[in-house]
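I opened a new page for this structure. My plan was to look up backbone oddities, one strand and the empty spaces.

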Amino acid sequence: MAKRSKLVDYGHSEGEAVEKGTLFVLDSFEGFEEADLARIVELAETRRFTKVVLFPHNEKTLRTMGEDGVSAFHTRVKHLMYLADDSPSTLPIVVDKWEEKRKKYTPMELIVRYFEESYRAPYFLYLTDRYANLFSTFASFEEVIKKVRLVIDRKQGLLPTSRLDEYQSRWDYV
């Protein structure tokens, strides 16, 4: 069999690492500080993501998820934009305000469908352990977990639910 030659750019090396997809941070962002953003950006740079998207939920979605007493959506978005602008990282940090338009509960499968239409794959969801356990109880969990990978922050030290354990290959702790 004859050898095939292939054309490569000048300076190309085979061991060159490629950038991954997009890291989405889904949370209420209540009490979110510079140190939290720095930890997320460090993770994103280490794992070579192309972009970090901060995706705050509106008040209706948070109430449905059992989180009461959060500040107004626009207040949290303004704070996130301030933190993103002040970040020394060269990695793009985007504050996505899509839920602002909805003003009602947004199911997870709809959020992931929006990500598929708007951002580059593959998709990684950065969630706290509480949020990941809650997410695993949703009816759409099995449909959504096949499209995304989870990066779970052990903020509260909670153990994963049995349903989350079934898909252990789709998530990891940081």
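Entry 1, the loop after β1. I found F29 in the loop between β1 and α1. The model is predicted, and I kept that in mind while reading angles. F29 has a positive phi of about 65 degrees, although F29 is not a glycine. I noted that most residues other than glycine have a negative phi. Is F29 buried or exposed? F29 counts as buried because its relative accessibility is 2%, and the cut-off for buried is under 20%.

Entry 2, a second positive phi. I looked up R48, which lies in the loop between α1 and β2. R48 is not a glycine either, and its phi is near 60 degrees. R48 has 36% relative accessibility, so I wrote it down as partly exposed.

Entry 3, a cis bond. I checked the peptide bond from A121 to P122 and found it cis, with omega near -5 degrees. I recalled that most peptide bonds are trans. P122 sits in the loop between α5 (108-118) and β4.

Entry 4, strand β1. I went through β1 for burial and found six of its six residues buried. T22, F24 and L26 cover one side, and L23, V25 and D27 are on the other; both faces are covered. Next I looked up the partners of β1. With β2 (residues 51-56), β1 pairs in the parallel sense over six bridges. I followed the chain from β1 through α1 to β2 and recorded a right-handed β-α-β crossover. With β4, β1 also pairs in the parallel sense, over four bridges. L23 stands opposite V52 in β2 and opposite F124 in β4.

Entry 5, the cavity. How many cavities of 30 Å³ or more does a search of the whole structure find? The search finds one. The largest cavity holds about 70 Å³ of space. I listed residues from its lining, among them V25, L26, D27, F32, R39, I40 and Y126. β1 (22-27), α1 (34-46) and β4 (123-128) each supply at least two lining residues. By class I counted six nonpolar, one polar and four charged residues in this lining.

Entry 6, the pocket. I put the largest pocket at about 170 Å³ of space. F29 from my first entry is one of its lining residues, which also include D27, S28, E30, G31, F32, T128 and K155. This lining divides into three nonpolar, four polar and five charged residues. D27, F32, T128 and K155 also appear in the cavity lining.

Technical notes. Residues numbered from 1 in each chain as written. Predicted model: local features only at pLDDT ≥ 70, side-chain atom pairs only at ≥ 80, totals over all residues. Heavy atoms only, no water. 1 Å grid on protein atoms, 1.4 Å probe; cavity = no way out; pocket = protein on both sides within 12 Å on 5 of 7 lines; lining within 4 Å. Points joined across faces, edges and corners; volume = space filled by probe spheres on them. Nonpolar A, V, L, I, M, F, W, Y, C, P; charged D, E, K, R; others polar. Buried < 20%, exposed > 50% of the residue type's maximum accessible area, 1.4 Å probe, protein only. Pairing = 2+ DSSP bridges. Right-handed = clockwise from strand over helix to strand, strands pointing away.
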